[in-house]
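The following exercises concern the architecture of one protein chain. Each task is followed by a solution that proceeds step by step.

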Amino acid sequence: MTTLSTPFTKAFGIEHPIVQGGMMWVGRAELAAAVSEAGGLGIITALTQPTPADLVKEIERARELTSKPIGVNLTILPSITPPPYDDYRRAIIDSGITIVETAGANPEPHMEMFKENGVKIIHKCTSVRHAIKAEKVGVDAVSIDGFECAGHPGEDDVPGLVLIPAATQRLSIPVIASGGFADGRGLAAALVLGADGINMGTRFMCTEESPVAESVKQRIVEATELDTELIFRPLKNTARVASNSVSREVVEILNGGGEFADVRDLVAGARGRTVFENGDTEAGIWSVGMVQGLIHDVPSAGDVVRRIVAEAAAELQRASGLIH
Ligand SMILES: Cc1cc2nc3c(=O)[nH]c(=O)nc-3n(C[C@H](O)[C@H](O)[C@H](O)COP(=O)(O)O)c2cc1C
């Protein structure tokens, strides 16, 4: 099979420059293991597990499915009652994980402990200034999320076509392009823009091994690039989510001068989880990216990895054939 080797694949010991980003409720053992087994980098989402002990078990489950490298996502968000981040970090290290994706805040407080234990860090962020800061505090790679992405695109609204080359020209560590990728054309474009690989959320959420209900996958297949909403804009904590009756109501309330307290019940995490578990896509808020407009099927995660690599190689060859 074709391989596309980049500074990222070499530094992280993986075959293909394709990462499955951390996804709350979605990044479980089966999906992460399937991506890694196919030669990409699968990532288990730490906070999807209710306790650090459950995370240890989830990592063990993934290890039974693949012997290839697996990463863990640690999302550090400001919160009134924060999860025990230090205990999750300890669980990651004690499980022998050597690749961590950090996101949500400056990873500096966690760096020393991870570094001492031989863990490589991919820090995911949404601006060049945060990527530069992450490089300074010693991360090994950055994933940079363009405005297209599912989840939190930040407040700068810079799409990948500008953000990725803006980042790659300022950084020396490997850069992974994230947000809006679902096929080989995207991987080829990312490499040409100077990135060393791609990170995908929505594409991997819509695969056989993804633990979300079939109706959610079908909704992604049917939806177009127009079917997302940006919620929490007035609160400066923007999130890109599926357009449904709940997300549209949240936008309306906040645009009309409402406060977080007015939407708290609508955006409750428990309701979002119900969407994934019971399949009622109108039950709450759920993250999805604009790239759903490019997703037309529900293949296995391994097929996604293999076909993206093959397509990207063909696209790069086709493009180089334009040179005379
Ligand atoms: C359902 C879902 C949940 C997500 N949860 C997280 C999360 O907990 N932490 C995180 O860092 N990123 C999270 N993300 C963002 C992805 O890791 C990735 O950066 C993003 O999906 C890339 O954009 P794409 O969906 O266009 O590929 C989530 C994405 C989705 C679709």
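Two residues are in contact if their C-beta atoms, placed from the backbone, lie within 7 Å. The model examined here is predicted.

**Exercise 1. Determine which residues of α2 and α3 are in contact, and classify the packing of the two helices.**

Step 1. Locate the helices: α2 spans residues 29–37 and α3 spans residues 52–65.

Step 2. Apply the contact criterion. On the side of α2, the residues are Ala29, Glu30, Ala32, Ala33 and Glu37; their partners in α3 are Glu58, Arg61, Ala62 and Leu65. Sorted by class, this contact has five nonpolar and four charged residues, and no polar ones.

Step 3. Consider the geometry. The axes of α2 and α3 are 9 Å apart and form an angle of about 40°. Angles under 35 degrees count as roughly parallel and those from 65 to 115 as roughly perpendicular; α2 is therefore oblique to α3. The crossing of these two helices is right-handed.

**Exercise 2. Classify the packing of α3 against α4, and state which residues meet.**

Step 1. Helix α4 covers residues 85–94, and its axis lies 9 Å from that of α3, at an angle of about 25°.

Step 2. Because angles under 35 degrees count as roughly parallel, α3 and α4 are assigned to that class. Their crossing is right-handed.

Step 3. From α3, Pro52, Leu55 and Val56 meet Asp87, Tyr88, Arg90 and Ala91 of α4. This set divides into five nonpolar and two charged residues, with no polar member.

**Exercise 3. Describe the packing of α8 and α14.**

Step 1. Helix α8 comprises residues 184–192 and helix α14 comprises residues 301–320; the axes are 7 Å apart, and the angle is about 60°.

Step 2. The two helices are therefore oblique to each other. The crossing of α8 and α14 is right-handed.

Step 3. The contact draws Gly184, Arg185, Leu187 and Ala188 from α8, and Arg307, Ile308, Ala310, Glu311, Ala312, Ala314, Glu315 and Leu316 from α14. By class, seven residues of this contact are nonpolar, one is polar and four are charged.

**Exercise 4. Establish the strand order of the sheet and identify its edges.**

Step 1. The sheet is open and contains eight strands in the order β1-β8-β7-β6-β5-β4-β3-β2, with parallel pairing.

Step 2. Strands β1 (18–20) and β2 (42–45) are the edges, since each pairs on one side only. From one strand to the next, the twist averages 30°.

Step 3. Take one pair as an illustration. Strand β4 (residues 99–103) runs parallel to strand β5 (residues 120–125), and five bridges join them. Within this pair, Val100 stands opposite Ile121 in β5.

**Exercise 5. Give the domain division of the chain and characterise the contact between the domains.**

Step 1. The chain is divided into domain 1, made up of 7–212 + 297–320, and domain 2, made up of 224–287. These bounds come from an automatic or database domain assignment.

Step 2. Taken over C-alpha atoms, the centres of domain 1 and domain 2 are separated by 24 Å.

Step 3. Domain 1 contributes eight residues to the contact and domain 2 contributes seven residues. On the side of domain 1 that touches domain 2, five residues are nonpolar, two are polar and one is charged.

Note on methods: Residues numbered from 1 in each chain as written. Predicted model: local features only at pLDDT ≥ 70, side-chain atom pairs only at ≥ 80, totals over all residues. Pairing = 2+ DSSP bridges. Helix = DSSP H or I, 4+ residues; strand = E, 2+ residues; numbered from the N terminus. Axes fitted to C-alpha atoms, helices over the stretch in contact; angles between N-to-C directions. Parallel < 35°, antiparallel > 145°, perpendicular 65-115°, else oblique. Left-handed = near helix turned anticlockwise from the far one by under 90°. Nonpolar A, V, L, I, M, F, W, Y, C, P; charged D, E, K, R; others polar.
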